[in-house]
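Trainee: I have this model open and would like a close look at a single part of it. Could you pick one strand, walk me through its neighbours, and then work outward from there?

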Amino acid sequence: MTKRHVSLPDSAEAGVRAFIEEVDQRLSSDESTCSVVEDVLVDLHGDREAYERWQNGEDVSPAEQVRLQGYDPCNTTLESEYYAEKDEEAFERSKHLQWLWRQFDATPMADNVEFALRFRQMLAEHLFDEVGENCRFFKGITFTYGHNISIGDNVVVHDDVHLDDRGKLTIGDRCSISDGVHIYSHDHDVVDQTAVENFHTIVEDDVRLTFDVMVRAGCKVGENAVVGARGVVQSDIPAHHIAVGQPAKSVKVKPGWEDVAEPVDEGNVNRQAEREIPYDLPEDLDVFDEFERDLSPPK
């Protein structure tokens, strides 16, 4: 859909530009990422006065202390922190940036679209493995780590999308990811759900994933394809195909691409195994099984 240009008043635009440039410069410097995130969140949440009182050793309530400590990402944990196979070195920085992204979304300013889109684009350039130009990241987007995501130019990711990069996730140019889409790059064994396999999931150029689509780990959605609302992609979708349903099946080729697309009846091949990403765990890793079940078959 063609959009009209919208701009902020000059005074607001100057403040937005100055703030984003300052945070960008600090994240690009040798300054501790943890410190930058903490400082930015204190101000974004309007808590500088209470923070200074706490830093000066004045009395604060236990609830205030927990809130103020929580601006520092080093005092927080994320679900992905528990994943045994994660890259510890990469995660140390991406955790801090992910915390800033999530806590920014919890502020009223996250609904100021012109400001928020530019702020998230700047954060994505520090967090993701690769990100192109002119991307539009809306509110409520979550990801596992962030550092295993590559996104091309002019991509739009709408509200409440989950980009799972426990494995690896690649999204091409000019893709449209609608509200509520979930794209996965890891899968669980059907018997022992603590056994995890990671994959490379691929969404090629010009793809449209419409409302509430789910893409299974290791699948590829081909160039210029469309997946209909609430479709569940369990196998590869060929380029230029329209796929619908649960599981999503190719039902037709987009008009005009019939001469270059695979026939519909040759689609829907599962190539997940070709995109598995193997990993090894250290022998001395301290692990736990949160389910503690006996998985032995009944005798």
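Mentor: Happy to; what follows starts at strand 11 and moves outward to the core, the helices, a second sheet and a few backbone details. Keep in mind throughout that this is a predicted model.

Let's begin with strand 11, which spans residues 196-203 and is mostly covered, with seven of its eight residues buried. Strands of a sheet pair through backbone hydrogen bonds, and the pairing can be parallel or antiparallel. Strand 11 offers examples of both. With strand 7 (168-171), strand 11 runs parallel, and four bridges join the two. If you want a pair to click on there, Leu 169 has Thr 201 of strand 11 as its bridge partner. Strand 14, residues 220-221, also pairs with strand 11 in the parallel sense, over two bridges. Here Ile 202 is matched with Lys 220 in strand 14.

The antiparallel partners are worth a look too. Strand 10 (residues 186-188) is joined to strand 11 by three bridges and runs antiparallel to it. In that pairing, His 188 stands opposite Val 196 of strand 11. Strand 19 is another antiparallel partner, held to strand 11 by two bridges. Phe 199 has Glu 276 in strand 19 as its bridge partner.

From strand 11 we can step to the nonpolar core by way of Ile 183. Leaving aside residues up to four places away in sequence, Ile 183 touches His 162, Leu 163, Asp 164, Leu 169, Ile 171, Ile 177, Thr 201, Val 203, Leu 209 and Val 215. You have already met Leu 169 and Thr 201 as bridge partners. The largest nonpolar core has 60 residues, and Ile 183, together with Leu 163 and Leu 209, touches the most other members. Elements that give two or more residues to this core include strand 7 and strand 4 (149-151), as well as helix 1 (10-28), helix 2 (33-44), helix 3 (48-55), helix 5 and helix 6. Helix 6 gives the most, with seven residues.

That brings us to the helices. The axes of helix 5 (residues 88-105) and helix 6 (residues 113-127) come within 10 Å and cross at roughly 170°. An angle over 145 degrees counts as roughly antiparallel, so helix 5 is roughly antiparallel to helix 6. On the helix 5 side, the contact includes Leu 97, Leu 100, Trp 101 and Phe 104, and on the helix 6 side it includes Phe 115, Phe 119, Leu 123 and Leu 127. By class, this contact of helix 5 with helix 6 has 10 nonpolar, three polar and three charged residues.

Helix 1 and helix 2 make a second pair to compare on your screen. Their axes are 9 Å apart, and the packing angle is about 160°. That makes helix 1 roughly antiparallel to helix 2. Phe 19, Val 23, Arg 26 and Leu 27 of helix 1 meet Thr 33, Ser 35, Val 36, Asp 39, Val 40 and Leu 44 of helix 2. The residues in this contact of helix 1 with helix 2 divide into six nonpolar, two polar and two charged.

Now for the open sheet. Seven strands form it in the order 2-5-8-12-15-17-18, with mixed pairing. Strand 2 (136-137) and strand 18 (249-253) are its edges, and each pairs on one side only. Within this sheet, strand 8 (residues 176-177) and strand 12 (residues 208-209) run parallel and are joined by two bridges. Ser 176 stands opposite Arg 208 of strand 12.

Finally, some backbone details that you may want to check in your own torsion plots. Most residues other than glycine have a negative phi, and most peptide bonds are trans. Arg 174 has a positive phi of about 60° although it is not a glycine. Arg 174 sits in the loop between strand 7 and strand 8, and it is partly exposed, with a relative accessible area of 43%. Glu 292 is also not a glycine, yet has a positive phi of about 50°. Glu 292 lies in the segment after strand 19 (276-277) and is exposed, with a relative accessible area of 70%. As for the peptide bonds, the one from Gln 246 to Pro 247 is cis, with omega near 5°. Pro 247 is placed in the loop between strand 17 (241-244) and strand 18, and strand 18 is one of the edge strands of the open sheet.

Notes. Residues numbered from 1 in each chain as written. Predicted model: local features only at pLDDT ≥ 70, side-chain atom pairs only at ≥ 80, totals over all residues. Heavy atoms only, no water. Pairing = 2+ DSSP bridges. Buried < 20%, exposed > 50% of the residue type's maximum accessible area, 1.4 Å probe, protein only. Axes fitted to C-alpha atoms, helices over the stretch in contact; angles between N-to-C directions. Parallel < 35°, antiparallel > 145°, perpendicular 65-115°, else oblique. Contact = heavy atoms within 4.5 Å. Nonpolar A, V, L, I, M, F, W, Y, C, P; charged D, E, K, R; others polar. Core = buried A, V, L, I, M, F, W, Y, C linked by side-chain atoms within 4.5 Å.
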